[in-house]
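Here is a walk through one protein model, taken a piece at a time. Have the structure open and follow along.

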Amino acid sequence: MAFFTISTNDPFLFEDYFPSMIERLGAEAFMGELCNGFRLLMDVEKGLITFESLRRNTILLGLHEMGDEELVCMLAEGDLDGDGALNQLEFCILMFRLSPGLMDGSKRWAVHDEMGINEMHAV
């Protein structure tokens, strides 16, 4: 299932499907889809999304024209523990942060309420 559609003219423009996915699937099933996306991109032996696993999947993501430096920057954007890779939690946090629709204040609180999260933690 696609989370974003990337414009063929500009690889940095995309349509955000997260809000409609949450409405259609519900929060729990949506999180399951995010976890499926993580597993698709991760290095199976390490259980992490690494530079190498991301590089291998650039065609799948429609990002085959991205250079190594851009991929490193993508990893760095979500790498909260500084290990150079993304674990599942870091990936999910990054996906939420990159979704303008989910980061809209009212939708952000609705998602957290539906997921049973009482506090928002700054990322």
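Is Phe30 buried or exposed? Phe30 counts as buried, since its relative accessibility is 1%. Keep in mind as you look around that this is a predicted model.

Phe30 makes a good starting point for the aromatic pairs, of which the structure holds 2. In one of them, the ring of Phe30 partners with the ring of Phe96: the centres sit 5.9 Å apart and the planes are at 80 degrees, so this pair is edge-to-face. Phe30 belongs to helix 2 (residues 27–41) and Phe96 to helix 6, so the pair ties together parts that lie 66 residues apart in sequence. Phe96 is buried too, with a relative accessible area of 13%.

Now for Phe38 and Phe91, which also form an aromatic pair. Their rings are 5.9 Å apart centre to centre, but with 50 degrees between the planes this pair is tilted. Once again distant parts of the chain are linked, because Phe38 is in helix 2 and Phe91 is in helix 6, 53 residues apart. Phe38 counts as buried at 3% relative accessibility, and Phe91 is buried as well, with a relative accessible area of 5%.

On to the cysteines. How many disulfides does the structure hold? The count is 0. To see why, take Cys35 and look for the closest cysteine sulfur: that one is in Cys92, 4.6 Å away, which is too far for a bond. A disulfide would need the two sulfur atoms within 2.5 Å. Start from Cys92 instead and you end up at Cys35, with that 4.6 Å gap again too far for a bond. As for their surroundings, Cys35 counts as buried at 15% relative accessibility, and Cys92 is buried with a relative accessible area of 7%.

Last stop: how helix 6 sits against helix 5. Two packed helices are described by the angle between their axes and the distance between the axes. Here, helix 5 (residues 68–78) and helix 6 (residues 88–97) pack at an angle of about 100 degrees, and their axes are 8 Å apart. Angles of 65 to 115 degrees count as roughly perpendicular, so that is the label for helix 5 and helix 6.

And which residues meet there? From helix 5 come Met74, Glu77 and Gly78, and they meet Glu90, Leu94 and Arg97 of helix 6. Sorted by character, the residues of this contact are 2 nonpolar, 1 polar and 3 charged.

Notes:
Residues are numbered from 1 along each chain as its sequence is written. This is a predicted model: local features need pLDDT of at least 70, side-chain atom pairs count only at pLDDT 80 or more; totals for chains, interfaces and linings use all residues. Side-chain values use heavy atoms; hydrogens and water are left out. Buried means under 20% relative accessible area, exposed over 50%, partly exposed in between (1.4 Å probe, protein chains only). Axes are lines fitted to C-alpha atoms, for helices over the stretch in contact, and angles run from 0 to 180 degrees between N-to-C directions. Helices (H or I, at least four residues) and strands (E, at least two) are DSSP runs, numbered from the N terminus. Angles under 35 degrees count as roughly parallel, over 145 as roughly antiparallel, 65 to 115 as roughly perpendicular and the rest as oblique. Contact means heavy atoms within 4.5 Å. Ala, Val, Leu, Ile, Met, Phe, Trp, Tyr, Cys and Pro count as nonpolar, Asp, Glu, Lys and Arg as charged, and the others, Gly among them, as polar. Rings of Phe, Tyr and Trp (its six-membered ring) pair if their centres lie within 6.5 Å; planes under 30 degrees apart count as stacked, over 60 as edge-to-face and the rest as tilted.
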